[in-house]
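Let us take a friendly walk through a protein chain together. Keep the sequence and the 3D view side by side as you read.

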Amino acid sequence: MRLATREAIEAIHATATGESAFPESLLVQTDTRAIERGATFLALRGERFDGHAYVEEAFVRGAACAIVDDASVVPPGRAALVVRDTLQAYLDLGRLARARVKGTVVAVTGSTGKTTTKQFLLALLRGAGIPVSATPENENNEVGVAKFLCGLGDGDARVAIIEMGARKYRDLDVLVEAARPDVGVLTNAGEAHLEIMGSRERIADTKWAVPAGARRAVLNLDDAVSVTLAAGLAAPPLWYGIDGERPPHGQRAVVIEADAVWTIAEDGTTETHHIAIGFPGDHNRRNLAGAFAAALLCNATAEALADAVRGIALPHGRYEVVELPDDVRLVFDAYNASLSGTLVTLATFGREEAERRIAVLGSMAELGDEAPTMHHKIGEIAGTRADIVLAGGRYAEDTARGVEAKGGAVVRYASNEDAIAWLRANVRRGDAILLKGSRMYKMEQIAEALGAEVFA
(Lines give C-alpha, C1' and ligand atoms only; values in the text may rest on other atoms or scores of the structure.)
Protein backbone atom coordinates (compact mmCIF):
# COMPACT_ATOMS: atom_id res chain seq x y z
CA MET A 1 0.00 0.00 0.00
CA ARG A 2 1.25 3.49 -0.84
CA LEU A 3 0.89 5.90 2.08
CA ALA A 4 0.54 9.65 1.69
CA THR A 5 3.89 11.17 2.64
CA ARG A 6 2.42 13.91 4.79
CA GLU A 7 0.33 11.41 6.77
CA ALA A 8 3.29 9.04 7.12
CA ILE A 9 5.58 11.77 8.46
CA GLU A 10 2.99 12.66 11.06
CA ALA A 11 2.33 9.03 11.99
CA ILE A 12 5.99 8.21 12.64
CA HIS A 13 6.95 11.61 14.11
CA ALA A 14 9.74 11.96 11.57
CA THR A 15 12.10 14.79 10.74
CA ALA A 16 12.57 15.27 7.00
CA THR A 17 16.12 15.85 5.74
CA GLY A 18 17.88 16.06 2.38
CA GLU A 19 17.68 18.23 -0.69
CA SER A 20 15.97 15.69 -2.96
CA ALA A 21 12.20 15.97 -3.38
CA PHE A 22 10.11 13.53 -1.41
CA PRO A 23 7.65 11.36 -3.34
CA GLU A 24 3.97 12.20 -2.81
CA SER A 25 3.40 8.73 -1.38
CA LEU A 26 5.61 6.12 0.26
CA LEU A 27 5.88 2.47 -0.75
CA VAL A 28 7.75 1.11 2.26
CA GLN A 29 10.16 -1.79 1.74
CA THR A 30 12.94 -3.28 3.89
CA ASP A 31 14.94 -5.53 1.56
CA THR A 32 17.40 -3.83 -0.79
CA ARG A 33 17.68 -6.99 -2.87
CA ALA A 34 14.08 -6.62 -4.08
CA ILE A 35 13.47 -2.91 -3.67
CA GLU A 36 11.33 -1.25 -6.34
CA ARG A 37 12.35 1.95 -8.09
CA GLY A 38 10.81 4.92 -6.30
CA ALA A 39 10.17 2.95 -3.10
CA THR A 40 11.09 4.06 0.42
CA PHE A 41 13.72 1.94 2.16
CA LEU A 42 13.13 1.44 5.89
CA ALA A 43 16.31 0.45 7.72
CA LEU A 44 15.57 -2.11 10.43
CA ARG A 45 17.98 -3.28 13.09
CA GLY A 46 18.16 -6.90 14.27
CA GLU A 47 20.35 -9.16 16.35
CA ARG A 48 22.45 -10.14 13.32
CA PHE A 49 21.88 -7.33 10.84
CA ASP A 50 21.53 -3.57 10.54
CA GLY A 51 19.65 -2.15 7.60
CA HIS A 52 21.43 1.16 8.07
CA ALA A 53 24.48 -0.45 6.46
CA TYR A 54 22.50 -0.80 3.22
CA VAL A 55 20.99 2.67 2.90
CA GLU A 56 23.43 3.78 0.22
CA GLU A 57 22.82 0.55 -1.71
CA ALA A 58 19.06 1.15 -1.52
CA PHE A 59 19.47 4.51 -3.22
CA VAL A 60 21.75 3.00 -5.86
CA ARG A 61 19.04 0.43 -6.60
CA GLY A 62 16.42 3.12 -7.10
CA ALA A 63 14.99 4.04 -3.71
CA ALA A 64 13.60 7.58 -3.60
CA CYS A 65 13.70 7.97 0.18
CA ALA A 66 14.92 6.25 3.33
CA ILE A 67 13.57 5.95 6.86
CA VAL A 68 16.41 5.77 9.39
CA ASP A 69 17.22 6.44 13.01
CA ASP A 70 20.78 7.54 12.19
CA ALA A 71 20.93 10.44 9.73
CA SER A 72 24.68 10.04 9.24
CA VAL A 73 24.21 6.96 7.00
CA VAL A 74 22.16 8.89 4.42
CA PRO A 75 24.17 10.01 1.35
CA PRO A 76 24.40 13.81 0.96
CA GLY A 77 21.33 15.39 -0.57
CA ARG A 78 19.19 12.26 -0.44
CA ALA A 79 15.66 12.45 0.98
CA ALA A 80 15.29 10.79 4.36
CA LEU A 81 12.91 10.62 7.28
CA VAL A 82 14.71 10.40 10.60
CA VAL A 83 12.87 8.69 13.45
CA ARG A 84 13.73 7.60 16.95
CA ASP A 85 13.15 3.87 16.30
CA THR A 86 12.68 2.38 12.84
CA LEU A 87 10.88 -0.74 14.11
CA GLN A 88 8.31 1.38 15.93
CA ALA A 89 8.04 3.52 12.79
CA TYR A 90 7.28 0.38 10.78
CA LEU A 91 4.49 -0.53 13.20
CA ASP A 92 3.15 3.02 13.09
CA LEU A 93 3.07 2.84 9.30
CA GLY A 94 1.29 -0.50 9.60
CA ARG A 95 -1.29 1.16 11.82
CA LEU A 96 -1.73 3.90 9.22
CA ALA A 97 -2.24 1.27 6.51
CA ARG A 98 -4.70 -0.61 8.73
CA ALA A 99 -6.92 2.47 8.90
CA ARG A 100 -7.44 2.22 5.12
CA VAL A 101 -8.41 -1.47 5.12
CA LYS A 102 -12.13 -2.17 4.73
CA GLY A 103 -12.15 -5.91 5.36
CA THR A 104 -12.41 -7.72 8.69
CA VAL A 105 -9.09 -8.03 10.52
CA VAL A 106 -8.65 -11.20 12.60
CA ALA A 107 -5.81 -11.61 15.10
CA VAL A 108 -4.87 -15.12 16.25
CA THR A 109 -2.61 -15.85 19.22
CA GLY A 110 -2.02 -18.52 21.84
CA SER A 111 0.68 -20.63 23.45
CA THR A 112 -0.10 -23.55 21.13
CA GLY A 113 -2.21 -24.02 18.04
CA LYS A 114 -2.16 -20.46 16.69
CA THR A 115 -0.54 -21.27 13.34
CA THR A 116 -2.80 -24.28 12.80
CA THR A 117 -5.86 -22.23 13.71
CA LYS A 118 -4.75 -19.47 11.34
CA GLN A 119 -4.27 -21.94 8.50
CA PHE A 120 -7.62 -23.61 9.21
CA LEU A 121 -9.35 -20.22 9.17
CA LEU A 122 -7.65 -19.31 5.90
CA ALA A 123 -8.78 -22.60 4.31
CA LEU A 124 -12.33 -22.35 5.66
CA LEU A 125 -12.85 -18.84 4.32
CA ARG A 126 -11.39 -19.74 0.94
CA GLY A 127 -13.60 -22.80 0.82
CA ALA A 128 -16.61 -20.66 1.67
CA GLY A 129 -15.79 -18.28 -1.18
CA ILE A 130 -14.73 -15.33 0.99
CA PRO A 131 -11.66 -13.36 -0.21
CA VAL A 132 -8.92 -13.61 2.43
CA SER A 133 -5.23 -13.02 3.04
CA ALA A 134 -3.01 -14.06 5.95
CA THR A 135 0.45 -13.56 7.38
CA PRO A 136 2.74 -16.19 5.82
CA GLU A 137 4.32 -19.06 7.73
CA ASN A 138 5.19 -17.86 11.25
CA GLU A 139 5.91 -14.19 10.46
CA ASN A 140 4.12 -13.21 13.64
CA ASN A 141 6.40 -10.64 15.30
CA GLU A 142 6.60 -6.86 14.97
CA VAL A 143 8.36 -6.99 11.60
CA GLY A 144 6.03 -9.61 10.17
CA VAL A 145 2.86 -7.86 11.31
CA ALA A 146 4.02 -4.43 10.09
CA LYS A 147 5.08 -5.89 6.74
CA PHE A 148 1.73 -7.61 6.29
CA LEU A 149 -0.28 -4.51 7.12
CA CYS A 150 1.78 -2.29 4.83
CA GLY A 151 1.40 -4.90 2.09
CA LEU A 152 -2.41 -4.75 2.07
CA GLY A 153 -4.17 -2.78 -0.63
CA ASP A 154 -5.77 0.62 -0.16
CA GLY A 155 -9.41 -0.11 0.64
CA ASP A 156 -8.66 -3.85 0.80
CA ALA A 157 -11.96 -5.66 1.37
CA ARG A 158 -10.48 -9.09 2.05
CA VAL A 159 -10.50 -10.69 5.48
CA ALA A 160 -6.98 -10.18 6.84
CA ILE A 161 -5.76 -12.86 9.25
CA ILE A 162 -2.78 -11.88 11.40
CA GLU A 163 -0.94 -14.41 13.53
CA MET A 164 0.58 -12.77 16.60
CA GLY A 165 3.39 -14.39 18.55
CA ALA A 166 5.00 -13.30 21.81
CA ARG A 167 8.36 -14.14 23.34
CA LYS A 168 8.56 -11.42 25.98
CA TYR A 169 6.15 -9.96 28.48
CA ARG A 170 3.52 -7.70 26.88
CA ASP A 171 4.97 -8.29 23.40
CA LEU A 172 1.51 -8.33 21.87
CA ASP A 173 0.46 -4.84 22.98
CA VAL A 174 2.18 -3.08 20.08
CA LEU A 175 0.87 -5.62 17.57
CA VAL A 176 -2.71 -5.16 18.73
CA GLU A 177 -2.30 -1.39 18.69
CA ALA A 178 -1.11 -1.52 15.06
CA ALA A 179 -3.62 -4.08 13.78
CA ARG A 180 -6.69 -3.04 15.80
CA PRO A 181 -8.38 -6.40 15.17
CA ASP A 182 -12.11 -6.78 14.66
CA VAL A 183 -11.88 -10.39 15.85
CA GLY A 184 -9.37 -11.67 18.40
CA VAL A 185 -8.81 -15.43 18.76
CA LEU A 186 -7.00 -16.83 21.80
CA THR A 187 -6.29 -20.55 21.46
CA ASN A 188 -4.90 -20.91 25.01
CA ALA A 189 -2.52 -19.37 27.50
CA GLY A 190 -0.13 -22.18 28.41
CA GLU A 191 3.48 -22.52 29.43
CA ALA A 192 5.29 -21.73 26.17
CA HIS A 193 8.23 -19.32 26.73
CA LEU A 194 7.76 -19.62 30.50
CA GLU A 195 11.50 -19.16 31.05
CA ILE A 196 11.46 -15.81 29.26
CA MET A 197 8.05 -14.58 30.45
CA GLY A 198 8.79 -15.40 34.09
CA SER A 199 5.42 -16.75 35.23
CA ARG A 200 2.15 -18.17 33.95
CA GLU A 201 0.42 -14.99 35.11
CA ARG A 202 2.67 -12.89 32.87
CA ILE A 203 2.00 -15.25 29.95
CA ALA A 204 -1.74 -14.89 30.49
CA ASP A 205 -1.44 -11.11 30.78
CA THR A 206 0.48 -11.00 27.51
CA LYS A 207 -1.87 -13.26 25.54
CA TRP A 208 -5.02 -11.58 26.82
CA ALA A 209 -4.11 -8.40 24.93
CA VAL A 210 -5.56 -9.92 21.74
CA PRO A 211 -9.11 -10.77 22.86
CA ALA A 212 -9.22 -7.68 25.08
CA GLY A 213 -8.11 -5.44 22.22
CA ALA A 214 -10.56 -6.78 19.61
CA ARG A 215 -14.17 -5.81 19.02
CA ARG A 216 -15.19 -9.48 19.35
CA ALA A 217 -13.28 -12.27 21.07
CA VAL A 218 -13.21 -15.97 20.15
CA LEU A 219 -12.29 -18.06 23.20
CA ASN A 220 -11.53 -21.69 24.00
CA LEU A 221 -13.90 -23.37 26.48
CA ASP A 222 -10.99 -25.51 27.68
CA ASP A 223 -8.68 -22.58 28.47
CA ALA A 224 -8.74 -21.63 32.15
CA VAL A 225 -7.45 -18.11 31.53
CA SER A 226 -10.24 -17.39 29.05
CA VAL A 227 -12.90 -18.79 31.36
CA THR A 228 -11.59 -16.63 34.21
CA LEU A 229 -11.18 -13.36 32.32
CA ALA A 230 -14.04 -13.45 29.80
CA ALA A 231 -16.45 -11.56 32.07
CA GLY A 232 -14.26 -8.46 31.79
CA LEU A 233 -14.61 -8.18 28.01
CA ALA A 234 -16.59 -5.30 26.54
CA ALA A 235 -18.79 -7.78 24.60
CA PRO A 236 -19.57 -11.46 25.26
CA PRO A 237 -17.16 -13.78 23.41
CA LEU A 238 -17.98 -16.46 20.90
CA TRP A 239 -16.82 -19.67 22.56
CA TYR A 240 -15.54 -22.82 20.91
CA GLY A 241 -14.90 -26.38 22.03
CA ILE A 242 -15.33 -30.06 21.26
CA ASP A 243 -17.67 -32.90 22.18
CA GLY A 244 -19.77 -32.22 25.27
CA GLU A 245 -18.40 -28.76 26.12
CA ARG A 246 -20.99 -26.01 26.39
CA PRO A 247 -20.78 -22.20 26.80
CA PRO A 248 -21.93 -20.20 29.83
CA HIS A 249 -25.67 -19.59 29.89
CA GLY A 250 -26.78 -17.01 27.36
CA GLN A 251 -23.59 -17.05 25.26
CA ARG A 252 -22.80 -18.36 21.79
CA ALA A 253 -20.50 -21.24 20.92
CA VAL A 254 -19.26 -23.52 18.18
CA VAL A 255 -18.72 -27.14 19.25
CA ILE A 256 -17.22 -29.79 16.97
CA GLU A 257 -17.81 -33.49 17.40
CA ALA A 258 -16.37 -36.37 15.38
CA ASP A 259 -18.56 -35.77 12.33
CA ALA A 260 -20.69 -32.72 13.12
CA VAL A 261 -20.46 -29.07 14.11
CA TRP A 262 -22.95 -27.49 16.49
CA THR A 263 -23.61 -23.75 16.53
CA ILE A 264 -25.22 -22.71 19.79
CA ALA A 265 -27.13 -19.41 19.97
CA GLU A 266 -27.60 -17.12 22.98
CA ASP A 267 -31.02 -18.62 23.68
CA GLY A 268 -29.59 -22.13 23.69
CA THR A 269 -31.00 -23.21 20.33
CA THR A 270 -28.62 -25.21 18.16
CA GLU A 271 -27.99 -25.94 14.52
CA THR A 272 -26.10 -29.06 13.47
CA HIS A 273 -24.15 -29.56 10.25
CA HIS A 274 -22.40 -32.73 9.10
CA ILE A 275 -18.65 -32.41 8.50
CA ALA A 276 -15.89 -34.72 7.27
CA ILE A 277 -12.57 -34.22 9.08
CA GLY A 278 -9.50 -35.63 7.38
CA PHE A 279 -6.89 -35.22 10.12
CA PRO A 280 -6.30 -36.78 13.57
CA GLY A 281 -6.24 -35.35 17.09
CA ASP A 282 -8.74 -33.87 19.51
CA HIS A 283 -6.54 -30.79 19.81
CA ASN A 284 -6.77 -30.27 16.06
CA ARG A 285 -10.55 -30.59 16.17
CA ARG A 286 -10.44 -27.88 18.82
CA ASN A 287 -8.30 -25.68 16.55
CA LEU A 288 -10.83 -26.27 13.79
CA ALA A 289 -13.65 -25.20 16.11
CA GLY A 290 -11.81 -21.96 16.86
CA ALA A 291 -11.29 -21.27 13.17
CA PHE A 292 -14.94 -22.09 12.44
CA ALA A 293 -16.09 -19.65 15.13
CA ALA A 294 -13.84 -16.88 13.83
CA ALA A 295 -15.07 -17.51 10.28
CA LEU A 296 -18.66 -17.00 11.41
CA LEU A 297 -17.66 -13.53 12.64
CA CYS A 298 -16.26 -12.87 9.16
CA ASN A 299 -19.78 -13.28 7.72
CA ALA A 300 -19.35 -16.83 6.47
CA THR A 301 -22.38 -19.12 6.78
CA ALA A 302 -22.24 -22.29 8.84
CA GLU A 303 -23.44 -24.29 5.83
CA ALA A 304 -20.61 -23.07 3.59
CA LEU A 305 -18.01 -23.58 6.31
CA ALA A 306 -19.22 -27.13 7.03
CA ASP A 307 -18.76 -27.99 3.36
CA ALA A 308 -15.28 -26.41 3.38
CA VAL A 309 -14.05 -28.63 6.25
CA ARG A 310 -13.67 -31.57 3.87
CA GLY A 311 -10.72 -29.97 2.08
CA ILE A 312 -8.71 -28.95 5.16
CA ALA A 313 -5.34 -30.51 5.98
CA LEU A 314 -2.89 -29.88 8.79
CA PRO A 315 -0.01 -27.46 8.14
CA HIS A 316 3.39 -28.99 7.52
CA GLY A 317 5.19 -30.15 10.63
CA ARG A 318 2.01 -30.76 12.64
CA TYR A 319 1.30 -34.47 12.91
CA GLU A 320 2.61 -34.92 9.41
CA VAL A 321 2.28 -38.60 8.50
CA VAL A 322 4.72 -40.25 6.09
CA GLU A 323 4.39 -43.87 4.99
CA LEU A 324 7.79 -45.57 4.85
CA PRO A 325 8.74 -48.97 3.39
CA ASP A 326 7.77 -52.16 5.25
CA ASP A 327 4.49 -50.64 6.44
CA VAL A 328 6.31 -48.28 8.82
CA ARG A 329 4.47 -45.05 9.57
CA LEU A 330 6.41 -41.95 10.64
CA VAL A 331 4.65 -39.07 12.38
CA PHE A 332 6.58 -35.80 12.28
CA ASP A 333 5.23 -33.28 14.81
CA ALA A 334 8.27 -31.14 15.49
CA TYR A 335 7.31 -27.70 14.32
CA ASN A 336 7.69 -26.88 17.99
CA ALA A 337 7.13 -28.40 21.41
CA SER A 338 5.49 -27.29 24.64
CA LEU A 339 4.12 -29.28 27.56
CA SER A 340 0.48 -29.03 26.51
CA GLY A 341 1.30 -29.52 22.85
CA THR A 342 3.42 -32.61 23.52
CA LEU A 343 0.77 -34.14 25.76
CA VAL A 344 -1.97 -33.85 23.16
CA THR A 345 0.36 -35.20 20.46
CA LEU A 346 1.17 -38.22 22.63
CA ALA A 347 -2.55 -38.77 23.24
CA THR A 348 -3.15 -38.85 19.49
CA PHE A 349 -0.11 -41.05 18.82
CA GLY A 350 -1.30 -43.48 21.48
CA ARG A 351 -4.29 -44.26 19.27
CA GLU A 352 -2.19 -45.14 16.23
CA GLU A 353 -2.74 -48.73 15.09
CA ALA A 354 0.70 -50.29 14.84
CA GLU A 355 2.71 -53.34 15.84
CA ARG A 356 4.75 -51.06 18.13
CA ARG A 357 4.63 -47.36 18.84
CA ILE A 358 8.07 -45.74 19.19
CA ALA A 359 8.18 -42.16 20.47
CA VAL A 360 11.39 -40.23 19.80
CA LEU A 361 11.29 -37.22 22.12
CA GLY A 362 13.72 -34.36 21.95
CA SER A 363 13.49 -31.91 24.83
CA MET A 364 11.31 -28.82 25.04
CA ALA A 365 12.79 -25.32 25.32
CA GLU A 366 12.29 -22.08 27.27
CA LEU A 367 10.43 -23.60 30.22
CA GLY A 368 12.57 -22.21 33.03
CA ASP A 369 12.89 -23.83 36.45
CA GLU A 370 9.89 -26.08 35.84
CA ALA A 371 11.53 -27.80 32.86
CA PRO A 372 12.71 -30.94 34.73
CA THR A 373 9.27 -31.50 36.25
CA MET A 374 7.55 -30.95 32.92
CA HIS A 375 9.84 -33.40 31.15
CA HIS A 376 9.26 -35.98 33.86
CA LYS A 377 5.52 -35.57 33.24
CA ILE A 378 6.06 -36.01 29.50
CA GLY A 379 8.00 -39.18 30.22
CA GLU A 380 5.22 -40.56 32.41
CA ILE A 381 2.61 -40.01 29.71
CA ALA A 382 4.89 -41.25 26.94
CA GLY A 383 5.47 -44.42 28.93
CA THR A 384 1.76 -45.20 28.72
CA ARG A 385 1.28 -44.16 25.07
CA ALA A 386 4.33 -45.73 23.41
CA ASP A 387 5.92 -49.16 23.62
CA ILE A 388 9.41 -47.67 23.46
CA VAL A 389 10.54 -44.10 24.18
CA LEU A 390 13.78 -42.61 22.90
CA ALA A 391 14.68 -39.68 25.16
CA GLY A 392 17.07 -36.98 23.99
CA GLY A 393 18.00 -33.36 24.44
CA ARG A 394 18.94 -31.35 27.50
CA TYR A 395 16.29 -32.94 29.71
CA ALA A 396 16.57 -36.49 28.41
CA GLU A 397 17.27 -37.89 31.85
CA ASP A 398 14.12 -36.29 33.32
CA THR A 399 12.04 -37.70 30.46
CA ALA A 400 13.63 -41.11 30.88
CA ARG A 401 12.93 -41.22 34.62
CA GLY A 402 9.30 -40.37 33.91
CA VAL A 403 9.03 -43.28 31.48
CA GLU A 404 10.64 -45.65 33.95
CA ALA A 405 8.30 -44.49 36.72
CA LYS A 406 5.45 -45.93 34.68
CA GLY A 407 7.31 -49.14 33.87
CA GLY A 408 7.95 -48.16 30.28
CA ALA A 409 10.87 -49.04 28.04
CA VAL A 410 13.26 -46.17 27.40
CA VAL A 411 16.40 -45.62 25.33
CA ARG A 412 18.52 -42.55 26.01
CA TYR A 413 20.20 -40.94 23.01
CA ALA A 414 22.90 -38.28 23.05
CA SER A 415 22.56 -37.01 19.47
CA ASN A 416 20.33 -37.32 16.45
CA GLU A 417 22.94 -39.62 14.93
CA ASP A 418 22.53 -41.97 17.92
CA ALA A 419 18.75 -41.98 17.50
CA ILE A 420 19.07 -42.65 13.78
CA ALA A 421 21.44 -45.57 14.38
CA TRP A 422 19.09 -47.12 16.95
CA LEU A 423 16.05 -46.75 14.70
CA ARG A 424 17.81 -48.22 11.68
CA ALA A 425 18.88 -51.20 13.73
CA ASN A 426 15.62 -51.81 15.61
CA VAL A 427 12.56 -50.62 13.66
CA ARG A 428 10.41 -53.50 12.43
CA ARG A 429 7.62 -53.92 9.92
CA GLY A 430 4.38 -52.33 11.10
CA ASP A 431 5.96 -49.92 13.60
CA ALA A 432 4.82 -46.33 14.06
CA ILE A 433 7.44 -43.70 14.92
CA LEU A 434 6.71 -40.30 16.46
CA LEU A 435 9.27 -37.48 16.23
CA LYS A 436 8.51 -34.70 18.70
CA GLY A 437 10.78 -31.99 20.10
CA SER A 438 11.71 -28.34 20.07
CA ARG A 439 12.89 -26.98 16.73
CA MET A 440 16.35 -26.43 18.20
CA TYR A 441 16.84 -30.22 18.16
CA LYS A 442 16.32 -30.48 14.38
CA MET A 443 14.14 -33.58 14.51
CA GLU A 444 13.80 -33.36 10.72
CA GLN A 445 17.34 -34.77 10.50
CA ILE A 446 16.03 -38.03 11.94
CA ALA A 447 13.06 -38.06 9.58
CA GLU A 448 15.20 -37.45 6.53
CA ALA A 449 17.70 -40.13 7.53
CA LEU A 450 14.83 -42.63 7.62
CA GLY A 451 13.75 -41.61 4.12
CA ALA A 452 10.92 -39.20 4.98
CA GLU A 453 10.70 -35.81 3.28
CA VAL A 454 9.21 -33.39 5.80
CA PHE A 455 8.86 -29.63 6.08
CA ALA A 456 10.47 -28.36 9.28
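In helix 15, the buried residues are A396, D398, T399, A400, G402 and V403. Here, buried means under 20% relative accessible area, exposed means over 50%, and partly exposed is in between, using a 1.4 Å probe and protein chains only. Helices (H or I, at least four residues) and strands (E, at least two) are DSSP runs, numbered from the N terminus. What covers the buried residues of helix 15? The cover includes strand 19 (357-361), helix 14 (371-385), strand 20 (388-391) and strand 21. A contact in this report means heavy atoms within 4.5 Å.

Before going on, a word on the source: this is a predicted model, in which local features need pLDDT of at least 70 and side-chain atom pairs count only at pLDDT 80 or more, while totals for chains, interfaces and linings use all residues. Residues are numbered from 1 along each chain as its sequence is written, and side-chain values use heavy atoms, with hydrogens and water left out.

Just after helix 15 comes G407, with a positive phi of about 75 degrees. G407 sits in the loop between helix 15 (396-405) and strand 21 (409-412). Is G407 buried or exposed? With a relative accessible area of 66%, G407 is exposed. Measuring from C-alpha to C-alpha in your viewer, you can look for A253, which is 154 residues from G407 in sequence and 41 Å from G407 in space.

Positive phi values also turn up in two residues that are not glycines. D326 has a phi near 65 degrees, and K442 has one of about 50 degrees. The table gives their places and accessibility.

| Residue | Loop between | Relative accessibility |
|---|---|---|
| D326 | strand 17 (320-324) and strand 18 (328-332) | 46%, partly exposed |
| K442 | strand 22 (432-436) and helix 17 (444-449) | 42%, partly exposed |

Now turn to helix 3 (residues 86-98). Its 13 residues reach 18 Å from the first C-alpha to the last, close to the 18 Å expected at 1.5 Å a residue. That expected span is 1.5 Å times one less than the number of residues. How many of the 13 residues of helix 3 are buried? Ten of them are, which leaves the helix mostly covered. Among these buried residues are Y90, L91, L93 and L96.

L96 also gives us a link to another helix. The C-alpha atoms of L96 and I203 are separated by 28 Å, and the two residues are 107 apart along the chain. I203 belongs to helix 8 (residues 200-207), and at 0% relative accessibility it counts as buried.

Finally, step back to the whole chain. It holds 17 helices and 22 strands. Its radius of gyration is 24 Å, close to the 23 Å that the globule rule gives for 456 residues, so the chain is as compact as a globular protein of that length. This radius is taken over C-alpha atoms, and the globule rule is 2.2 Å times the number of residues to the power 0.38. Along its principal axes, the C-alpha trace spans about 75 × 55 × 40 Å. Of the 456 residues, 56% count as buried. Among contacts between residues at least 6 apart in sequence, 64% join residues at least 24 apart.
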